[in-house]
Amino acid sequence: MAQYVIRRFMTALATIFGAMVLLFIMIQFMPGNPATILLGPRASPEIIASFEEKMGLNQPIHIQFGKFMFNVFQGDLGKDVLTHKPVRELVFNALPFTVVLAFSGMGVAAIIGIPLGAFAAAYRDSLLDKITGILSVSFITMPSFVKAIILLLIFAVTLRWFPATGGGEPGNVLDQLYHLVLPMTAIAIGWIGYIARLTRAVVLDELTEDYVRTARAKGVSERKTLYKHALRTAMVPVVSFIGVGFGTLLGGTVLTEVVFNRPGLGSLIYNAVRARNFPVAEGGLIIAVFLYALVNMFADLSHGLIDPRIRTE
Amino acid sequence: MNIFRRIVTSYKTGMLHRILSSFSGSLGLVLITLIVIIAIFAPQLAPYSPTKIDVTNRLADPSFEHPFGTDQLGRDLLSRLIFGSRIALLVSLPAIGLGLVIGILLGATAGYSGGNLDNALLFFFDTIRAFPPLLLAITIIMLTGGSNLLVLIVVLGITRFPGYGRLVRAQSSQVSKKEFVMASEAAGSSTPRTLFRHIFPNAIGPVFINAAMDIPVMITFAAGLSFLGLGVPPPRPGWGRILRSGYSYIRTSPWMVIFGAIFLVIATLGFTFLGEALRDALDPKLKKSPQLQ
């Protein structure tokens, strides 16, 4: 296991490094000069030169790259060109909003999706199973931002039950939870579908296994066979799916955050991109990639812990 | 009579029958046919020009003249949604095509060659996959300085090819250990010949199923980018852009959001149903693995 952990950790590090190289290359290949893009076409050559001097843009590429990596590994993500605040501060202020959204959305989805999938498998081909199946596909298929807009239309604009936008008053936990309900629901709905479908499929698969026949032959009740035996084994792929899904969500809540005007990592990067505020966009992306790789690594490790066959792959 | 019987038998053993024998498969086929017909005959079907501005009649409610109402510039919403179907298909299908071409070429090369080249290509795939896809797309569009049809297709293709590449690599590394590949090499075939004649045809089945399942994902993705203002530039009517305008005027005229969502969901639902029926028909073993968007 130790060997597997080390190997998986090295892979994660290599991917993060590769992603940073790629990001740096992409920025180098950008058409136009960052200085003129930021300062506007009418900036005088002197202003451009002093800006390039300040940002280190006039140095050779390998020096720029070295500095870039050195700063990132020191936790220095640069400064916001508009407000001159450190990017790190902006990113870490935004991050909790995204993590809470992803975590609560996935949590709710798991709490509802797993029992739903297990029921659908237990009562296979019943009306409940069919309704779950159709609803799951429909909710998975409906784009997340469309779900977000429809929820906004129904519950914020028409019924006025929940606030339409924002992340809630800073420091006021209740208000923040109140602002979380709609975005969380928008995210959870689709994942309920994914998790229910996967659980149903895996449980049905497990029910054909020998150990289930043994349990039944021993006289274990059908309920116990399902919940104590089949569902338990079925949890292995479901849990790792939830882990990977959580990683996906950390970088995938952009649209939901934009619809609800929630000040998370996704909307931070998006607004920075729109304002051509490259240091903020870059810093946000680096953190997003880092988290994504980290969560994927933990998902793999937990999978390896539960299922030893994975380790030797 | 004989020919008729042969047609019936070939239909019964064929793909189409297997797709149509499931309810969701037939529903998917119907919805997709509908969307494709709407896209092809858009100029004939649309009651107005999708870009004709009529400021005296802005944000109108649905009426006989404008069945779905009008947008903030008085453009007919129905016509815009009808033309929007063209953009949805024109972006998503070529993007998947591009992803497939790059993915298959690189994946098969990696799987067949093995060794360092294989490791390098795998690392390349994983590096791109380390970026959350939507954020990667937003970044590339930002760096290229603006979006148009071509940029969108390329960007969406870039988010797809590493996944396809990995899949093809796994398949082709299995296939390249088979006897007929060895026989081909022993007979003195060139590497491209072995690749194109023997490895590709046997390794690309699963990736095509995957690509079919990706069509709704790409339609969603393109609509999402267009919702963020990073899609096909105006005045062309993308569904995402229509939803964005609807979102801005959601308090006064919710029609744009409602009808826009209906069109988008019909397309994605249709392609999902069809894709799943296709997958079940071709490879029942894959049935239990749902896809991440």
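In this predicted model, helix H1 (residues 2-28) of chain A packs against helix H13 (residues 278-306) of chain A, with the two axes 10 Å apart and at an angle of about 160°. Two packed helices are described by the angle between their axes and the distance between the axes. Angles over 145 degrees count as roughly antiparallel, and H1(A) and H13(A) are therefore roughly antiparallel to each other. Their crossing is right-handed.

The residues that make this contact can be followed along both helices. On the side of H1(A) they are A:Tyr4, A:Val5, A:Arg8, A:Phe9, A:Ala12, A:Thr15, A:Ile16, A:Ala19, A:Met20 and A:Leu23. On the side of H13(A), they meet A:Glu282, A:Leu285, A:Ile286, A:Val289, A:Phe290, A:Ala293, A:Leu294, A:Met297, A:Asp300, A:Leu301 and A:Gly304. Sorted by class, the contact between H1(A) and H13(A) consists of 16 nonpolar, two polar and three charged residues.

The next step is chain A as a whole. Chain A has 13 helices and zero strands, so to read its elements from the N terminus on is to read α at each step. Its C-alpha atoms fill a box of roughly 85 × 55 × 35 Å along the principal axes. Chain A has 313 residues, and 40% of them count as buried. Among the contacts in chain A with a separation of 6 or more, 72% are between residues 24 or more positions apart.

Chain A also touches a second chain. Here, 37 residues of chain B are in contact with 47 residues of chain A. On chain B, at least two residues each come from helix H6 (115-129), helix H7 (133-144), helix H11 (205-227), helix H12 (239-248) and helix H13 (255-282). H7(B) gives the most to this side of chain B, with eight residues. By class, the side of chain B that touches chain A has 25 nonpolar, eight polar and four charged residues.

What remains is the nonpolar core. The largest one has 167 residues, and those with the most contacts inside it come from chain A (A:Ile149, A:Ile195 and A:Ile269) and from chain B (B:Ile138, B:Leu156 and B:Ala222). Helix H5 (residues 77-113) of chain B gives the most to this core, with 17 residues.

A:Ile269 can serve as an example from this core. Leaving aside residues up to four places away in sequence, A:Ile269 touches A:Ala281, A:Gly284 and A:Leu285 in chain A, and B:Leu135 and B:Ile138 in chain B. One of these, A:Leu285, also belongs to the contact of H13(A) with H1(A).

Terms used:
Residues numbered from 1 in each chain as written. Chains lettered and ligands numbered in written order. Predicted model: local features only at pLDDT ≥ 70, side-chain atom pairs only at ≥ 80, totals over all residues. Contact = placed C-beta atoms within 7 Å. Helix = DSSP H or I, 4+ residues; strand = E, 2+ residues; numbered from the N terminus. Nonpolar A, V, L, I, M, F, W, Y, C, P; charged D, E, K, R; others polar. Buried ≥ 20, exposed ≤ 12 C-beta atoms within 10 Å, placed from the backbone. Core = buried A, V, L, I, M, F, W, Y, C linked by C-beta atoms within 7 Å. Axes fitted to C-alpha atoms, helices over the stretch in contact; angles between N-to-C directions. Parallel < 35°, antiparallel > 145°, perpendicular 65-115°, else oblique. Left-handed = near helix turned anticlockwise from the far one by under 90°.
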